[in-house]
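Dear colleague,

I am passing on the structure we spoke about, with the sequence alongside it. My notes on what turned up in it follow underneath, so please read them with the model open.

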Amino acid sequence: MHEGKWEKRWHPLRGEWVVYAAHRNSRPWTTGKNQVPAAPVPAYDPTCYLCPGNPRVHGTQNPDYKDVYIFDNDHPVVGPHAPAIPDDQQVTGNGLYRREKAGGVARVVCYDPRHNVTLSDVPAEQIARVFAAWREQMQEFLANPAIRYALIFENKGELCGVSNPHPHCQIYATDFVFTHARQHLSAAEAYRKEKNGNIFEQIIQNEKADGRRIVAENDGAIAFIPFFARYAYEMMIFPKRRHATLITMPDAELLDLAGVFREVIRRYDKLIEGSFPYVMTVQQAPVDGGSYPDYHLHLSILPPLRQPGLIKYLAGPETGGGNFMADTLPEEKAEELRGVKLLSY
Ligand SMILES: [Zn+2]
(Lines give C-alpha, C1' and ligand atoms only; values in the text may rest on other atoms or scores of the structure.)
Protein backbone atom coordinates (compact mmCIF):
# COMPACT_ATOMS: atom_id res chain seq x y z
CA MET A 1 0.00 0.00 0.00
CA HIS A 2 2.97 2.30 0.37
CA GLU A 3 4.38 1.36 -3.01
CA GLY A 4 6.72 3.96 -4.43
CA LYS A 5 6.64 5.92 -1.19
CA TRP A 6 8.65 3.71 1.06
CA GLU A 7 11.97 2.52 -0.25
CA LYS A 8 15.68 3.14 -0.25
CA ARG A 9 17.67 4.56 -3.13
CA TRP A 10 21.38 4.41 -3.85
CA HIS A 11 23.26 7.71 -3.96
CA PRO A 12 25.77 7.07 -6.76
CA LEU A 13 27.97 10.10 -6.05
CA ARG A 14 28.30 9.43 -2.32
CA GLY A 15 28.17 5.65 -2.36
CA GLU A 16 25.49 5.39 0.33
CA TRP A 17 21.80 4.63 0.75
CA VAL A 18 19.08 7.22 1.26
CA VAL A 19 15.88 5.94 2.89
CA TYR A 20 12.54 7.44 1.83
CA ALA A 21 9.59 7.04 4.15
CA ALA A 22 7.24 9.45 2.42
CA HIS A 23 4.15 7.57 3.57
CA ARG A 24 4.73 9.12 6.99
CA ASN A 25 4.47 12.61 5.62
CA SER A 26 1.16 12.50 3.81
CA ARG A 27 -0.86 14.59 6.22
CA PRO A 28 -2.31 17.68 4.56
CA TRP A 29 -0.77 21.05 5.10
CA THR A 30 -1.43 24.54 3.82
CA THR A 31 1.21 26.27 1.79
CA GLY A 32 2.52 29.76 2.51
CA LYS A 33 1.04 32.08 5.12
CA ASN A 34 2.74 30.14 7.87
CA GLN A 35 5.87 32.27 7.72
CA VAL A 36 5.98 35.25 10.02
CA PRO A 37 6.68 38.24 7.78
CA ALA A 38 10.01 39.79 8.70
CA ALA A 39 10.31 43.49 9.44
CA PRO A 40 11.28 45.45 6.31
CA VAL A 41 15.04 45.61 5.87
CA PRO A 42 16.60 48.88 4.63
CA ALA A 43 18.77 49.07 1.47
CA TYR A 44 21.58 50.44 3.59
CA ASP A 45 22.35 49.45 7.17
CA PRO A 46 24.93 51.65 8.93
CA THR A 47 25.81 48.78 11.29
CA CYS A 48 26.41 46.22 8.51
CA TYR A 49 30.05 45.33 7.93
CA LEU A 50 29.30 44.43 4.29
CA CYS A 51 27.51 47.61 3.18
CA PRO A 52 29.50 50.07 1.02
CA GLY A 53 31.54 52.65 2.92
CA ASN A 54 31.14 50.92 6.29
CA PRO A 55 34.03 49.96 8.57
CA ARG A 56 34.79 46.30 9.13
CA VAL A 57 36.53 44.76 12.14
CA HIS A 58 40.19 45.78 12.34
CA GLY A 59 39.15 49.16 10.88
CA THR A 60 39.25 48.44 7.16
CA GLN A 61 36.64 50.51 5.35
CA ASN A 62 34.63 49.03 2.49
CA PRO A 63 34.91 51.03 -0.73
CA ASP A 64 31.79 52.62 -2.19
CA TYR A 65 31.32 49.55 -4.38
CA LYS A 66 28.63 49.41 -7.06
CA ASP A 67 28.70 45.80 -8.21
CA VAL A 68 30.31 42.57 -6.96
CA TYR A 69 32.86 43.26 -4.19
CA ILE A 70 35.36 40.68 -2.90
CA PHE A 71 37.67 40.95 0.09
CA ASP A 72 39.79 38.71 2.33
CA ASN A 73 37.77 37.49 5.32
CA ASP A 74 38.72 39.45 8.45
CA HIS A 75 38.30 36.30 10.54
CA PRO A 76 39.72 33.68 8.18
CA VAL A 77 39.12 30.03 8.99
CA VAL A 78 42.02 29.20 6.69
CA GLY A 79 44.70 31.77 5.96
CA PRO A 80 48.29 32.32 4.92
CA HIS A 81 49.06 33.66 8.40
CA ALA A 82 47.87 30.58 10.30
CA PRO A 83 50.65 29.37 12.62
CA ALA A 84 53.10 26.84 11.21
CA ILE A 85 53.29 23.42 12.90
CA PRO A 86 56.87 22.29 13.52
CA ASP A 87 57.87 19.25 11.43
CA ASP A 88 58.42 17.01 14.43
CA GLN A 89 54.91 17.71 15.74
CA GLN A 90 52.99 17.00 12.56
CA VAL A 91 52.62 13.24 12.92
CA THR A 92 52.18 11.59 16.32
CA GLY A 93 50.24 8.73 17.90
CA ASN A 94 51.93 5.98 15.90
CA GLY A 95 51.03 7.73 12.64
CA LEU A 96 47.35 8.16 13.41
CA TYR A 97 47.32 11.76 14.60
CA ARG A 98 48.30 14.37 12.04
CA ARG A 99 48.32 18.14 12.25
CA GLU A 100 49.21 20.73 9.66
CA LYS A 101 48.96 24.45 9.24
CA ALA A 102 45.38 25.65 8.48
CA GLY A 103 46.64 27.41 5.37
CA GLY A 104 44.66 28.79 2.48
CA VAL A 105 42.64 31.83 1.51
CA ALA A 106 39.22 32.82 2.88
CA ARG A 107 37.24 35.46 1.02
CA VAL A 108 33.87 37.15 1.20
CA VAL A 109 31.96 37.92 -2.00
CA CYS A 110 29.30 40.66 -1.73
CA TYR A 111 26.79 40.15 -4.52
CA ASP A 112 25.30 43.63 -4.46
CA PRO A 113 25.78 46.92 -2.60
CA ARG A 114 22.14 46.83 -1.48
CA HIS A 115 21.64 45.33 1.97
CA ASN A 116 18.10 44.15 1.33
CA VAL A 117 18.19 42.15 -1.90
CA THR A 118 18.87 38.49 -2.57
CA LEU A 119 19.89 36.85 -5.81
CA SER A 120 16.24 36.12 -6.55
CA ASP A 121 15.56 39.88 -6.71
CA VAL A 122 18.16 40.67 -9.35
CA PRO A 123 18.22 39.95 -13.11
CA ALA A 124 19.99 36.86 -14.45
CA GLU A 125 22.63 39.17 -15.96
CA GLN A 126 23.66 40.31 -12.49
CA ILE A 127 23.78 36.73 -11.21
CA ALA A 128 25.99 35.91 -14.20
CA ARG A 129 28.32 38.73 -13.15
CA VAL A 130 28.60 37.11 -9.73
CA PHE A 131 29.43 33.79 -11.42
CA ALA A 132 32.02 35.59 -13.60
CA ALA A 133 33.59 37.03 -10.45
CA TRP A 134 33.80 33.48 -9.03
CA ARG A 135 35.42 32.38 -12.30
CA GLU A 136 38.07 35.10 -11.92
CA GLN A 137 38.75 33.91 -8.37
CA MET A 138 39.14 30.35 -9.63
CA GLN A 139 41.73 31.50 -12.16
CA GLU A 140 43.70 33.08 -9.34
CA PHE A 141 43.51 29.93 -7.22
CA LEU A 142 44.58 27.76 -10.16
CA ALA A 143 47.69 29.92 -10.49
CA ASN A 144 48.45 29.63 -6.76
CA PRO A 145 50.45 26.44 -6.07
CA ALA A 146 49.48 26.55 -2.38
CA ILE A 147 45.79 26.07 -3.26
CA ARG A 148 44.39 22.68 -4.24
CA TYR A 149 40.66 23.30 -3.98
CA ALA A 150 38.23 26.21 -3.74
CA LEU A 151 34.85 25.80 -2.11
CA ILE A 152 32.42 28.58 -3.05
CA PHE A 153 29.41 28.53 -0.76
CA GLU A 154 26.46 30.63 0.33
CA ASN A 155 24.72 30.08 3.65
CA LYS A 156 21.39 31.85 3.32
CA GLY A 157 18.96 32.63 6.10
CA GLU A 158 18.99 32.42 9.87
CA LEU A 159 18.09 28.73 9.70
CA CYS A 160 21.48 28.23 8.04
CA GLY A 161 23.28 30.25 10.65
CA VAL A 162 23.46 33.62 8.92
CA SER A 163 22.38 36.64 10.89
CA ASN A 164 23.49 39.30 8.38
CA PRO A 165 21.05 39.41 5.44
CA HIS A 166 23.45 41.38 3.22
CA PRO A 167 23.67 39.24 0.06
CA HIS A 168 27.01 37.48 0.05
CA CYS A 169 28.82 34.19 -0.19
CA GLN A 170 32.21 32.94 0.88
CA ILE A 171 35.16 31.14 -0.61
CA TYR A 172 37.42 28.76 1.27
CA ALA A 173 40.44 28.02 -0.89
CA THR A 174 42.44 25.28 0.75
CA ASP A 175 45.51 23.09 0.43
CA PHE A 176 43.28 20.01 0.75
CA VAL A 177 40.42 18.80 -1.44
CA PHE A 178 36.99 18.94 0.19
CA THR A 179 35.36 15.59 0.91
CA HIS A 180 32.40 15.87 -1.48
CA ALA A 181 34.71 16.59 -4.39
CA ARG A 182 36.86 13.60 -3.45
CA GLN A 183 33.78 11.37 -3.25
CA HIS A 184 32.51 12.63 -6.60
CA LEU A 185 35.87 12.03 -8.24
CA SER A 186 36.20 8.49 -6.97
CA ALA A 187 32.59 7.72 -7.96
CA ALA A 188 33.25 9.14 -11.43
CA GLU A 189 36.42 7.09 -11.76
CA ALA A 190 34.70 3.89 -10.67
CA TYR A 191 31.83 4.52 -13.10
CA ARG A 192 34.28 5.19 -15.93
CA LYS A 193 35.98 1.85 -15.22
CA GLU A 194 32.76 -0.09 -14.87
CA LYS A 195 30.65 1.37 -17.71
CA ASN A 196 33.15 3.41 -19.68
CA GLY A 197 30.83 6.36 -19.26
CA ASN A 198 30.56 9.65 -17.43
CA ILE A 199 28.61 9.45 -14.19
CA PHE A 200 27.36 13.04 -14.29
CA GLU A 201 26.28 12.74 -17.93
CA GLN A 202 24.37 9.59 -17.03
CA ILE A 203 22.63 11.29 -14.12
CA ILE A 204 21.56 14.20 -16.36
CA GLN A 205 20.37 11.76 -19.02
CA ASN A 206 18.44 9.75 -16.45
CA GLU A 207 16.75 12.85 -15.10
CA LYS A 208 15.86 14.06 -18.59
CA ALA A 209 14.49 10.67 -19.55
CA ASP A 210 12.27 10.55 -16.48
CA GLY A 211 11.43 14.24 -16.36
CA ARG A 212 9.44 14.19 -13.11
CA ARG A 213 12.19 15.72 -11.03
CA ILE A 214 13.22 18.55 -13.39
CA VAL A 215 12.39 21.96 -11.93
CA ALA A 216 13.90 24.37 -14.50
CA GLU A 217 15.73 24.11 -17.80
CA ASN A 218 16.94 26.29 -20.66
CA ASP A 219 19.28 25.80 -23.64
CA GLY A 220 22.45 25.65 -21.58
CA ALA A 221 21.50 24.46 -18.08
CA ILE A 222 19.18 22.15 -16.18
CA ALA A 223 18.01 21.94 -12.56
CA PHE A 224 16.51 18.90 -10.88
CA ILE A 225 15.94 17.31 -7.51
CA PRO A 226 17.96 14.15 -8.08
CA PHE A 227 16.44 10.68 -7.78
CA PHE A 228 18.73 10.14 -4.76
CA ALA A 229 18.21 13.54 -3.04
CA ARG A 230 18.91 13.56 0.67
CA TYR A 231 17.22 16.89 1.42
CA ALA A 232 13.56 17.48 0.51
CA TYR A 233 14.20 20.51 -1.70
CA GLU A 234 17.76 19.56 -2.70
CA MET A 235 18.71 20.83 -6.14
CA MET A 236 21.47 20.01 -8.58
CA ILE A 237 21.97 22.60 -11.31
CA PHE A 238 24.24 21.62 -14.19
CA PRO A 239 25.53 23.51 -17.19
CA LYS A 240 24.69 21.12 -20.03
CA ARG A 241 28.19 21.24 -21.45
CA ARG A 242 30.73 19.61 -19.20
CA HIS A 243 33.23 21.87 -17.45
CA ALA A 244 35.43 20.69 -14.59
CA THR A 245 35.51 24.19 -13.09
CA LEU A 246 34.07 27.62 -13.84
CA ILE A 247 37.40 28.61 -15.42
CA THR A 248 36.48 27.18 -18.82
CA MET A 249 32.87 28.42 -18.87
CA PRO A 250 32.14 31.11 -21.46
CA ASP A 251 29.89 34.05 -20.56
CA ALA A 252 26.92 32.74 -22.55
CA GLU A 253 26.91 29.49 -20.55
CA LEU A 254 27.25 31.40 -17.27
CA LEU A 255 24.17 33.38 -18.24
CA ASP A 256 22.17 30.22 -18.95
CA LEU A 257 23.28 28.74 -15.63
CA ALA A 258 22.29 31.99 -13.91
CA GLY A 259 18.87 31.90 -15.58
CA VAL A 260 18.07 28.40 -14.34
CA PHE A 261 19.48 29.11 -10.88
CA ARG A 262 17.35 32.26 -10.70
CA GLU A 263 14.19 30.38 -11.62
CA VAL A 264 14.89 27.78 -8.93
CA ILE A 265 15.45 30.29 -6.12
CA ARG A 266 12.44 32.34 -7.18
CA ARG A 267 10.32 29.20 -7.01
CA TYR A 268 11.72 28.51 -3.55
CA ASP A 269 10.89 32.02 -2.36
CA LYS A 270 7.41 31.99 -3.86
CA LEU A 271 6.68 28.62 -2.26
CA ILE A 272 7.09 30.03 1.24
CA GLU A 273 6.17 33.65 0.39
CA GLY A 274 9.48 34.68 1.90
CA SER A 275 13.23 34.25 1.63
CA PHE A 276 13.92 30.52 1.32
CA PRO A 277 16.92 29.39 3.38
CA TYR A 278 19.59 27.16 1.88
CA VAL A 279 23.21 26.13 1.77
CA MET A 280 24.46 26.48 -1.77
CA THR A 281 27.83 25.26 -3.01
CA VAL A 282 29.59 25.27 -6.34
CA GLN A 283 30.84 21.72 -6.77
CA GLN A 284 33.99 21.80 -8.91
CA ALA A 285 37.12 19.77 -9.60
CA PRO A 286 40.30 20.59 -7.69
CA VAL A 287 42.63 23.33 -8.94
CA ASP A 288 45.78 21.41 -8.05
CA GLY A 289 47.18 21.18 -11.56
CA GLY A 290 45.57 17.77 -12.17
CA SER A 291 43.33 16.93 -15.09
CA TYR A 292 39.71 16.03 -14.32
CA PRO A 293 37.99 15.44 -17.67
CA ASP A 294 35.15 13.45 -16.05
CA TYR A 295 34.19 16.12 -13.52
CA HIS A 296 31.06 18.09 -14.36
CA LEU A 297 30.71 21.19 -12.22
CA HIS A 298 27.31 21.94 -10.75
CA LEU A 299 25.56 24.06 -8.20
CA SER A 300 24.27 22.10 -5.23
CA ILE A 301 21.51 23.59 -3.08
CA LEU A 302 20.68 21.96 0.25
CA PRO A 303 17.73 23.65 1.99
CA PRO A 304 16.98 22.83 5.65
CA LEU A 305 13.18 22.80 5.18
CA ARG A 306 11.16 19.70 4.46
CA GLN A 307 7.93 21.63 4.03
CA PRO A 308 7.16 25.34 4.20
CA GLY A 309 7.50 26.20 7.89
CA LEU A 310 8.92 22.81 8.86
CA ILE A 311 12.59 22.16 9.47
CA LYS A 312 14.25 18.85 8.74
CA TYR A 313 16.38 18.18 11.79
CA LEU A 314 19.39 16.00 11.24
CA ALA A 315 19.41 13.54 14.08
CA GLY A 316 20.22 9.91 14.88
CA PRO A 317 20.35 8.42 11.37
CA GLU A 318 21.92 11.47 9.69
CA THR A 319 24.21 12.94 12.31
CA GLY A 320 24.83 9.77 14.24
CA GLY A 321 24.72 7.11 11.56
CA GLY A 322 25.66 8.98 8.41
CA ASN A 323 22.67 8.04 6.22
CA PHE A 324 19.68 10.21 5.40
CA MET A 325 16.09 9.28 6.18
CA ALA A 326 13.84 11.45 4.00
CA ASP A 327 10.19 12.08 4.78
CA THR A 328 9.37 13.19 1.25
CA LEU A 329 9.98 11.94 -2.26
CA PRO A 330 12.02 13.95 -4.80
CA GLU A 331 9.22 13.52 -7.39
CA GLU A 332 6.64 15.16 -5.09
CA LYS A 333 8.90 18.04 -4.14
CA ALA A 334 9.83 18.78 -7.76
CA GLU A 335 6.14 18.82 -8.66
CA GLU A 336 5.45 21.16 -5.76
CA LEU A 337 8.13 23.60 -6.97
CA ARG A 338 7.03 23.38 -10.61
CA GLY A 339 3.49 24.17 -9.52
CA VAL A 340 4.48 27.52 -8.01
CA LYS A 341 3.09 30.39 -10.07
CA LEU A 342 5.86 32.84 -10.87
CA LEU A 343 5.21 36.36 -12.05
CA SER A 344 7.41 36.88 -15.06
CA TYR A 345 9.55 39.96 -15.30
ZN1 LIG B 1 24.74 45.47 4.39
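Helices α1 and α4 are oblique to each other, because their axes cross at roughly 120°, an angle that lies outside the 65 to 115 range counted as roughly perpendicular and is not over 145, where roughly antiparallel begins. Please bear in mind that this is a predicted model. The axes of α1 (residues 124-143) and α4 come within 8 Å, and α1 passes α4 in a right-handed crossing. On the α1 side the contact is made by Ala124, Glu125, Ile127, Ala128, Phe131 and Ala132, while α4 contributes residues including Leu254, Leu257, Phe261 and Arg262.

Helix α4 (residues 251-272) also matters for the next point, since it supplies the largest share, 10 residues, of the largest nonpolar core. That core has 75 residues, and Ile237 and Val264 are those with the most contacts inside it. Leaving aside residues up to four places away in sequence, Ile237 touches Val264 itself, and its other partners include Leu257, Val260, Phe261 and His298.

Elsewhere, 3 strands form an open sheet of mixed pairing, in the order β1-β2-β16. Both β1 (6-11) and β16 (324-326) stand at the edges with a single partner strand each, so one side of each is left without a neighbour in the sheet. Neighbouring strands of this sheet are turned by 25° against each other on average, direction ignored. Strands β1 and β2 (residues 16-21) run antiparallel and are joined by 6 bridges, with Arg9 standing opposite Val18 in β2.

With best wishes

Technical notes
Residues are numbered from 1 along each chain as its sequence is written. This is a predicted model: local features need pLDDT of at least 70, side-chain atom pairs count only at pLDDT 80 or more; totals for chains, interfaces and linings use all residues. Two strands pair if DSSP finds at least two bridges between them. Helices (H or I, at least four residues) and strands (E, at least two) are DSSP runs, numbered from the N terminus. Axes are lines fitted to C-alpha atoms, for helices over the stretch in contact, and angles run from 0 to 180 degrees between N-to-C directions. A nonpolar core is a set of buried Ala, Val, Leu, Ile, Met, Phe, Trp, Tyr and Cys residues joined through C-beta atoms within 7 Å. A residue is buried if 20 or more other C-beta atoms lie within 10 Å of its own, exposed if 12 or fewer, and partly exposed in between; C-beta atoms are placed from the backbone. Two residues are in contact if their C-beta atoms, placed from the backbone, lie within 7 Å. Angles under 35 degrees count as roughly parallel, over 145 as roughly antiparallel, 65 to 115 as roughly perpendicular and the rest as oblique. A crossing is left-handed if the near helix is turned anticlockwise from the far one by less than a right angle, and right-handed if clockwise.
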